[in-house]
Amino acid sequence: MRDFSSFRRVVVKVGTNLLSTEDGIDNARIDDLCAQIADLRDKGYQVLLVTSGAIGLGAKEIKHRNRVVHIPMRQACAAIGQPILMEHYREAFRKHSIICSQVLLTRNDLNNRKTYNNLRSSVSTLLALGIVPIFNENDVISTAEIGSAFGDNDRMSAMVASKIDADLLILLTDIDGLYTGNPKTDPDAVLLKEIEKIDSKVMGYAKGAGSTFSTGGMKTKLLAAQIASLAYCGTCIASGYEKNILSRIMAGEDVGSYIHPGRKLNQRERWIINNSHVGAIRVDDGAKAALFAHRSLLPSGIVGVEGVWDVGDVVAVCDKDGVIFAKAVPYYDSTSTALLMGHRSQDIGSILGEGKKDCIFRPEDLVFTGDAESL
């Protein structure tokens with residue numbers, strides 16, 4: 001038995017396949033999911049729901065039968081499907097006297113430190129009021145081309161879990177968990193019930209893509225588990241078709257695949273490592289060694305500046321060959337950093353004016369990407 005007795009805050013992510021049928025929404029499935037969430041709340045848990053399905057529902061509403069690839073069509077289907085999806089959730093939760101709320105996110109909402117803190121405060125208030133926040137990616141406006149998309153709701157759910165200090169992320173899907181092979185074709189395939197760490201071997205078991213309207217697969221779920229692990233949040237991948245699966249998971253029953261949490265990063269470190277970098281600083285060997293020794297980055301160690309960023313943005317830190325080994329938040333924008341490149345710290349005042357910081361960033365503004373495995 002797993003010991004989840006100390007857990008209090010849970011994020012549940014449900015995929016497109018579980019929510020829809022060939023004709024549209026699966027009302028019975030949504031009713032059952034909301035009943036299970038209501039049961040967890042009665043047991044004292046705070047539950048946040050991350051849902052997929054808006055694009056698929058919108059596509060089915062307009063009788064579009066194939067995978068939605070064209071970006072304007074995806075956005076249109078999301079705009080059509082989102083209110084349909086939320087109406088079904090509201091009706092299902094109303095049966096248990098529970099109010100739910102909608103939170104639509106883009107990656108930019110979490111990349112920006114100010115909006116991220118506002119989001120945290122808003123979610124905390126909703127939970128304090130006893131309301132179930134329902135998250136979905138704002139597919140109407142987010143696109144990968146402009147860097148505002150999460151890519152899939154698996155990883156978005158992990159980022160939500162990380163940001164709000166969840167104890168457990170539950171990814172409900174249409175299979176039992178992670179197998180060593182395809183259980184439909186491989187008689188020797190084994191369900192991995194306990195995963196201490198996601199390494200290349202474990203990642204190699206994750207194959208295949210999502211269904212017609214879903215974007216996730218097992219690989220995205222493992223990537224999500226890696227993100228959650230940085231917040232010391234465990235992840236359970238399990239079948240949403242199993243009866244009372246949420247209550248059974250929280251009771252410690254040995255169902256699904258449980259990925260144990262890793263080393264805990266603080267909130268600022270998690271924000272930096274999970275943020276999209278907007279530029280890069282290339283450093284020499286001496287500066288790289290100094291950073292690993294928990295020292296500040298001095299301008300003399302910079303050998304290249306790439307991209308455009310403002311003060312407060314996250315940038316990649318690369319070795320002289322361009323290999324990323326860390327992310328950081330510099331004190332200077334890209335223009336000032338380029339002007340300081342190769343100079344001594346004593347020259348900062350004469351180049352930019354007096355009263356400036358004596359380094360590019362300090363150790364507390366840096367997180368090594370090795371902490372995030374292969375993210």
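Here is a short chat about the cores and helices of a predicted model.

Trainee: Which element gives the largest share of the largest nonpolar core?
Mentor: A nonpolar core is a set of buried Ala, Val, Leu, Ile, Met, Phe, Trp, Tyr and Cys residues joined through side-chain atoms within 4.5 Å, and buried means under 20% relative accessible area with a 1.4 Å probe, protein chains only. The largest one here has 48 residues, with Val-11, Phe-135, Leu-169, Ile-198 and Leu-222 having the most contacts inside it. Elements giving two or more residues include β2 (46-51), α6 (113-128) and α9 (218-229). The largest share, seven residues, comes from α9.

Trainee: At which residue does α4 bend?
Mentor: Helix α4 covers residues 71-94 and reaches 34 Å between its first and last C-alpha, close to the 34 Å expected at 1.5 Å a residue; that span is 1.5 Å times one less than the number of residues. Its buried residues include Cys-77, Gln-82 and Phe-93. The bend is the angle between axes fitted to the seven residues ending at a residue and the seven starting there. It comes to about 30°, with Pro-83 following within four residues, and the place is Gly-81.

Trainee: Are α7 and α11 roughly parallel or antiparallel?
Mentor: Their axes, lines fitted to C-alpha atoms over the stretch in contact, lie 10 Å apart at an angle of about 160°. Angles over 145 degrees count as roughly antiparallel, under 35 as roughly parallel. So α7 and α11 are roughly antiparallel.

Notes: Residues numbered from 1 in each chain as written. Predicted model: local features only at pLDDT ≥ 70, side-chain atom pairs only at ≥ 80, totals over all residues. Heavy atoms only, no water. Buried < 20%, exposed > 50% of the residue type's maximum accessible area, 1.4 Å probe, protein only. Axes fitted to C-alpha atoms, helices over the stretch in contact; angles between N-to-C directions. Parallel < 35°, antiparallel > 145°, perpendicular 65-115°, else oblique.
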